[in-house]
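Hi everyone, thanks for making the time. I'd like to walk you through one model today, so let's put it up on the screen.

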Amino acid sequence: MSERTLVIIKPDAVAAGNAGKVLTRYEEAGLEIVAMDLRTISGEFSDQHYEEHLERDFYPALREFMTSGPMIPIVLRGEGCIATVREINGATNPANAEPGTIRADFGESGPRNAVHASDSPESAAAEIALWFPGL
């Protein structure tokens, strides 16, 4: 079944010049880019996106990082898109990611892990609505 997901190429990967390499991996997996933008977000927008983490100890540092520079939010579409993207991305912590995954190749640490991706159809729908209203 064709589905959609949100991916964010995070500020670390954009600053390092890895955005094109990241996009290529999704396209080579047969996923279609439906929407894409380059933007720097406010702290308030970060709070909306990471609402479930607001009270977590790690969130202030994540908020600071996510608002530190330009990032590229993308909506991808394809068969089994969510699972495919999460496999291509690798484990959240780059130190635990399989070699050849985006996070193993381009990530630095926990929050500086190159990419964000929706983890379920429900979070994908909510995140797409937040980042690309009306899509």
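Before we look at any residue, one cut-off: I call a residue buried under 20% relative accessible area, exposed over 50%, and partly exposed in between. With a relative accessible area of 40%, Glu-32 therefore counts as partly exposed. Please keep in mind that this is a predicted model.

Let's begin with the sheet. Its 4 strands form an open sheet in the order 2-3-1-4, and the pairing is antiparallel. Which strands stand at the edges? Strand 2 and strand 4 do; each has a single partner strand, so one side of each has no neighbour in the sheet. On average, neighbouring strands are turned by 30° against each other, direction ignored.

Now the pairings, one by one. Strand 1 and strand 3 are joined antiparallel over 8 bridges, and there Thr-5 sits opposite Leu-76 of strand 3. Strand 2, residues 32-36, is connected to strand 3 by 4 bridges, again antiparallel, with Ala-35 having Val-75 as its bridge partner. On the other flank, strand 1 pairs with strand 4 over 3 bridges in the antiparallel sense, and Ile-8 faces His-116 in strand 4.

Two helices sit against these strands. Helix 2 packs on the sheet and touches strand 1, strand 2, strand 3 and strand 4, its direction making about 165° with that of strand 1. Helix 7 lies across strand 1, strand 3 and strand 4, and runs at about 60° to strand 1. As for strand 3, 6 of its 8 residues are buried, so the rest of the structure largely encloses it.

Next, helix 5, which covers residues 81-89. Which of its residues are buried? They are Cys-81, Ile-82, Val-85, Ile-88 and Asn-89. Looking down the axis of helix 5, these buried residues fall within an arc of 135°, so they line one face of the helix. A quick reminder on why that spacing works: an α-helix has 3.6 residues a turn, so residues three or four places apart point the same way. On the other side of helix 5, Ala-83 and Glu-87 are exposed. What covers the buried residues? Among the elements doing so are strand 1, helix 2, strand 3, helix 6 (102-106), strand 4 and helix 7. Right after helix 5 comes Gly-90, with a positive phi near 85°.

Last topic: salt bridges. How many turn up in a search of the whole structure? There are 4, and I'll show you some of them. In one of them, the side chains of Arg-77 and Glu-32 meet at 3.0 Å, N to O. Arg-77 belongs to strand 3 and Glu-32 to strand 2, so this pair ties together parts that are 45 residues apart in sequence. Arg-77 is partly exposed, at a relative accessible area of 30%.

Another salt bridge brings together Asp-47 and Arg-63, at 2.7 Å, N to O. This pair links distant parts of the chain, with Asp-47 in helix 3 (residues 43-49) and Arg-63 in helix 4 (residues 59-66), 16 residues apart. Asp-47 is partly exposed at 22% relative accessibility, and Arg-63 is partly exposed at 28%.

There is also a salt bridge between the side chains of Arg-39 and Asp-37, at 3.0 Å, N to O. Asp-37 is partly exposed, with a relative accessible area of 32%.

That's my tour. Thanks for listening, and I'm happy to take questions!

Key
Residues are numbered from 1 along each chain as its sequence is written. This is a predicted model: local features need pLDDT of at least 70, side-chain atom pairs count only at pLDDT 80 or more; totals for chains, interfaces and linings use all residues. Side-chain values use heavy atoms; hydrogens and water are left out. Buried means under 20% relative accessible area, exposed over 50%, partly exposed in between (1.4 Å probe, protein chains only). The arc is that of the directions from the helix axis to the C-beta atoms. Contact means heavy atoms within 4.5 Å. Two strands pair if DSSP finds at least two bridges between them. Axes are lines fitted to C-alpha atoms, for helices over the stretch in contact, and angles run from 0 to 180 degrees between N-to-C directions.
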